[in-house]
Structure formats: C-alpha cells, structure tokens
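Thanks for coming. I will walk through one structure today, a few places at a time. Please have it open as we go.

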Amino acid sequence: MKVFLVYVRDENFCRLLPKELDKSQSDNGRIKVMGFPPLGIQTLAPVLRQHGHRVRLFDTCHPQMQAEHIAQAGADERPDVIALSFLSTTTYPAVKNLAKRLKLNTPHIPIIVGGAFATMNSDRILADCPDIDCVGVGEGEELLPDYLGNLAEPGSVAGLVWRNGKEIVQNVSRPLIRDLNQFPYPDRTSLPIDYIESLPLDVPAVLSLDKFCTMQTSRGCPYSCIYCDIPSLSRGKWRYRSSEHVLGEMQQLDHMGYRSIYLTDDHFLVNRKRIGEICRGIIERGLQFRWGCEGRVDAVAVDQLPIMKQANCNFLAFGVEAGTQKVLDRLNKKQTLKQVEHAVSEAKRHGIERVHGFFVIGSPGETEKDIMDSFRFAARLKLDTFGFNRLCAYRGTPLWQEYIDRGIIDDERDWHKWFKCSDIDPTALPSARVNRLRMQGYALLFFRRLFGRPLRTYRLLRIFGRHMKKSDMVRLLVSPFRRRTLSRQPELPAKMMAGLEKPQRDAVFIPPTELLCVEAVKEKA
C-alpha cells in the first residue's frame with residue numbers, strides 16, 4: 001500500500017531561516033526551517049516500509065506542503081491511506097481544514113489521525129469532524145501497520161476508534177509497547193527540509209547552523225504534575241531503549257554529519273546506570289556531536305553530570321516552575337527549592353554550557369509576592385536562559401479534571417479548548433496583573449544579569465548574535481515586554497461565554513488550603 005504521513009504543525013513554533021543567514025551555497029532543493037523535526041512520522045516511516053508499504057512524508061512547515069499541496073498530491077497519487085499526526089489543541093483547527101480539503105479531492109481515501117490530542121479526544125474528534133474516518137489511540141508503531149493490514153475489518157485493530165455507519169466504535173485499548181528496541185531508526189532523509197537548532201520564542205533564536213536533529217531514547221514520566229498530560233498518555237510508566245540501541249542510532253547520526261542532537265525524552269535523567277553507559281559509549285566511539293536534554297532537579301542521575309559533560313552534553317533544561325515552595329506543592333512538583341539550587345549549581349560547576357529553567361506563573365493560589373519571588377529566585381540561580389509562561393490547562397491533565405470538579409470547565413463543551421488559568425480561575429491572579437508582573441519580573445532579571453553577571457550575559461548574547469539579524473536580536477530582547485500574538489488564542493469555558501468579556505472571578509472560590517486538603521484525601525484514597 002501507499003501511505004501519506006503528514007505532520008500538521010503549529011505555525012507559531014517554526015519559521016523559515018532568513019536567506020541572509022543561510023551560508024550554504026548549494027541549491028539542492030532543500031529548505032531550512034527553524035524548528036524541531038517531526039520525529040513521530042520520521043519514526044513511523046521505516047516501520048511501515050518494513051511491512052512492505054510505500055511512504056511519502058509531509059511537514060506543513062514547508063511552503064510547498066500546505067493543505068492545498070497535500071490535497072493535490074492525494075488526488076494525483078491516490079494513496080491507500082492518509083495519516084495525519086498533530087500534537088495539541090492549537091493545531092486541531094488546521095487538521096480539520098486539511099481533512100476537509102482531502103475529502104473534497106479524494107473522498108474515498110480513509111483518513112486516520114494520531115498524536116497526543118487525538119489520543120485524549122478520539123471519540124469527540126470523530127463526532128466533531130465527519131471528514132476524519134478513524135483515530136489511532138496511543139503509540140503508532142504497532143497500531144498503524146495493524147490498521148493497514150485490516151482496512152476491511154477495523155473492528156479487529158486494538159487501539160482504533162472508528163465509524164461504523166453513524167456509530168462511533170471504540171475498540172479494545174492497545175497495551176503500551178514493551179520493547180522499544182525492536183524498531184528501525186527514524187527516517188531523517190526523505191523530507192526535503194534541514195531543521196535548524198533554535199529556541200521557539202516570539203523571535204526564533206538560532207543557536208547554531210550545525211546539522212541538527214532530535215532523538216528519543218525513552219518514553220513517559222512517572223510523576224504527576226497537575227499541568228502535564230504525559231502521565232495520562234504513558235499510563236504513569238517510564239520505558240526506555242537500551243544503551244546499545246541508543247548508541248547505534250547516535251553512531252549513525254554521527255556518520256551522517258549531525259553535530260547537534262536534542263533528546264526529546266520527557267525525563268532523561270532517570271536511570272543512572274543507563275546514562276553512564278550511553279555517555280561512556282559516546283566517549284569511547286569518539287562521536288563528535290553536541291547534545292542536550294531535559295530532566296527534573298530531583299533526579300537521581302544528577303550525579304552523572306560530570307560524565308555527561310565529558311560526552312559533549314552542552315545543554316540541560318530543568319522544570320523549575322516556581323520560586324516558592326507553596327506554589328511547587330500546589331503544582332504537585334514533589335521537589336524542593338534546595339534541590340533546584342543544587343541541580344542548577346552542579347550543572348554549571350561541571351561545565352554544562354547552557355542551563356535553562358522552565359517557569360510558570362499565574363498558578364491557582366499564587367500571589368503577586370509569589371510571582372516576584374519566582375523571578376528573584378531565578379535571578380539567584382546560575383541559569384543561562386529562562387522562560388516564564390502563564391500556566392495553562394489542557395484536557396488530560398489533573399488540572400483540567402480539577403476545573404471540571406470545581407464547575408469551571410464543562411468537559412462536553414470545552415474539550416477542544418485550552419485555557420490560561422489566569423483567565424478562568426478565580427483563585428488565580430487576573431491575566432492583566434500577571435502580565436504586568438511578568439514584565440516587572442523580566443526587567444528585574446535583565447537588570448540583575450546585566451550588572452551582576454555581565455561577562456556571562458555578554459557571552460550568551462554573542463551566541464545568539466552569531467546567527468541572528470540585528471533587528472531580530474532587538475526584537476528578541478524586547479519580546480518579554482510585548483504581548484505575544486498567537487495564531488490561535490486561548491478561549492473561555494462555555495459557562496463563561498454567555499455575553500461575558502471577562503470571567504466572573506467571584507463566581508467560584510475554593511481556598512487553596514481546602515484544595516490541598518481535597519488532593520491529599522484523593523491521594524490517600
């Protein structure tokens with residue numbers, strides 16, 4: 001069979017590399033895009049080929065891979081199945097638009113969708129979008145070949161949600177894949193796109209022009225932060241590839257000329273022994289690439305930082321989230337401020353070039369003082385870069401369920417939305433105040449960095465400045481003080497939409513202490 005694999009991208013997080021920054025002289029028909037590669041469809045392509053199928057890949061970041069181009073390709077090539085992959089609610093409208101175009105051009109070709117949002121909302125998507133024929137729930141390496149082999153009998157495919165006339169049928173669930181070593185390495189050559197290492201900011205900051213890709217060595221996270229849907233998707237389990245299988249892929253990437261790799265693992269720093277084996281393998285094989293990863297500050301593998309540095313790890317991102325223990329506990333982070341300080345200090349002490357901190361503000365029960373304390377805490381840490389975003393609620397997270405229980409969200413009507421907590425939660429500070437505090441906090445951080453650590457700040461700006469236009473550098477520096485414009489803005493819950501421009505902040509109020517008590521009872525239960 002012939003299969004189209006299409007990654008539908010959030011346009012806010014990719015951008016064509018400006019021509020003046022492209023130092024390559026060859027015209028090989030490839031474009032350069034500032035953004036992460038579509039690792040999901042890159043992973044599925046060789047799996048399908050192992051089963052005898054022909055595959056064509058599309059990534060909507062390419063100017064010639066937009067909805068109209070993919071629909072025309074479908075009409076010209078008549079694939080047997082079109083599979084659409086997308087990540088979150090922000091991309092769902094684009095997926096519906098693409099499915100509609102495809103059905104107009106090729107009404108008899110089945111369309112299957114997959115990804116995190118699709119997994120969380122499979123039956124709702126089919127009820128909402130008649131142009132989508134079925135949803136693959138969970139991981140696709142086993143599900144998609146099974147579906148292709150049983151197009152006439154979809155009821156036999158575990159993990160599939162499909163239409164039987166007007167009825168939406170949910171098949172038995174498919175177990176998580178136990179052996180992640182069984183699959184071939186991802187296809188990083190078929191797409192005519194070179195992905196550029198960058199930060200997905202308001203003004204994408206190019207970090208290097210080295211050949212760049214992403215890689216996944218493990219799946220899932222055993223923790224349960226209230227804003228994260230990963231535990232729901234991974235059923236609270238952390239699974240990993242063997243160090244030898246990981247090193248085999250790394251060896252291949254090194255031979256292909258990749259010099260920068262970002263590990264997209266939800267939590268890389270889990271298994272000390274495995275990390276040590278991977279790092280020693282990188283060193284012993286003389287692999288030349290730099291690499292980065294994400295992890296928790298309380299990870300047992302923090303003591304592996306020295307060998308990570310020896311193995312060319314130059315970037316490490318920590319989910320700090322808040323600078324007060326009260327807010328960390330409210331977010332169910334199960335980490336302490338002392339652990340944050342220790343992890344960041346150790347990373348810098350052992351020579352990790354760039355350490356990043358993720359923060360959220362506008363959390364339930366968070367005060368103005370709490371927010372400013374988070375910025376002061378960030379200023380004390382030895383972080384090189386940081387990001388402060390307003391806390392959001394997405395379906396599939398514990399926070400979403402809390403808002404259902406509190407009567408703020410109507411799951412039947414709001415399932416396809418996403419919300420800023422400061423827009424909907426009466427226990428959170430209003431958005432206007434949170435934005436004002438964020439600007440003040442960034443001003444404090446910049447002042448402290450500029451005058452407290454001038455040399456490190458200068459070096460960091462030079463890293464960004466090597467591959468950015470001066471005008472973009474200026475825009476990058478002032479971006480924290482501007483309101484960001486997204487292609488799809490957060491919405492209000494259905495209960496707040498009846499002629500209201502702002503939510504009634506006094507409509508529902510549950511004291512944070514009471515909420516903590518409720519959560520404690522749930523945990524004991």
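**A surface patch, some sheets and some rings**

Leu461 lies in helix 18, residues 454-465. Before going further, two notes on the source: this is a predicted model, where local features need pLDDT of at least 70, side-chain atom pairs count only at pLDDT 80 or more, and totals for chains, interfaces and linings use all residues. Residues are numbered from 1 along each chain as its sequence is written, and side-chain values use heavy atoms, with hydrogens and water left out. Helices (H or I, at least four residues) and strands (E, at least two) are DSSP runs, numbered from the N terminus.

Is Leu461 buried or exposed? Neither: it counts as partly exposed, because its relative accessibility is 31%. Buried means under 20% relative accessible area, exposed means over 50%, and partly exposed is in between, with a 1.4 Å probe and protein chains only. Together with Val474, Leu477 and Val478, Leu461 forms a nonpolar patch on the surface, with about 290 Å² of accessible area together. Such patches are made of residues with over 30% relative accessible area and no salt bridge; like charges are joined within 9 Å, and nonpolar side chains (Val, Leu, Ile, Met, Phe, Trp, Tyr) within 5 Å. A salt bridge here is a side-chain nitrogen of Lys or Arg within 4 Å of a carboxyl oxygen of Asp or Glu. Areas come from the Shrake-Rupley method with a 1.4 Å probe, and for residues only the protein chains shown count as cover. Helix 19 (residues 470-478) gives the largest share of the patch, three residues.

Next, strand 16, residues 260-263. Ser260 and Tyr262 point one way, Ile261 and Leu263 the other, and all are buried. In a regular strand the side chains alternate between the two faces of the sheet. Strand 16 pairs in the parallel sense with strand 13 (residues 212-215) over four bridges; two strands pair if DSSP finds at least two bridges between them. One bridge puts Met215 with Leu263. Strand 16 also pairs in the parallel sense with strand 17 (residues 290-295), over three bridges, and there Tyr262 has Gly292 as its partner. Between strands 16 and 17 the chain passes through helix 9 (residues 272-284), a right-handed β-α-β crossover. Right-handed means that, with the strands pointing away from the viewer, the path from the first strand over the helix to the second runs clockwise.

Back to Met215: its C-alpha atom is 8.8 Å from that of Glu249, 34 residues apart along the chain. Glu249 sits in helix 8 (residues 243-255) and is buried, because its relative accessible area is 1%.

Now the rings. How many aromatic pairs does a search of the whole structure find? It finds 21. Tyr92 and Phe117 have ring centres 5.3 Å apart and planes at 40°, so this pair is tilted. Rings of Phe, Tyr and Trp (its six-membered ring) pair if their centres lie within 6.5 Å; planes under 30 degrees apart are stacked, over 60 edge-to-face, and the rest tilted. Tyr92 is in helix 3 (residues 92-105) and Phe117 in helix 4 (residues 116-120), 25 residues apart. Tyr92 is buried at 3% relative accessibility, and Phe117 is buried at 7%. Phe386 and Phe388 form an edge-to-face pair, 6.4 Å centre to centre with 65° between the planes. Ring pairs link these two with Phe359, Phe375, Tyr442 and Phe446 into a cluster.
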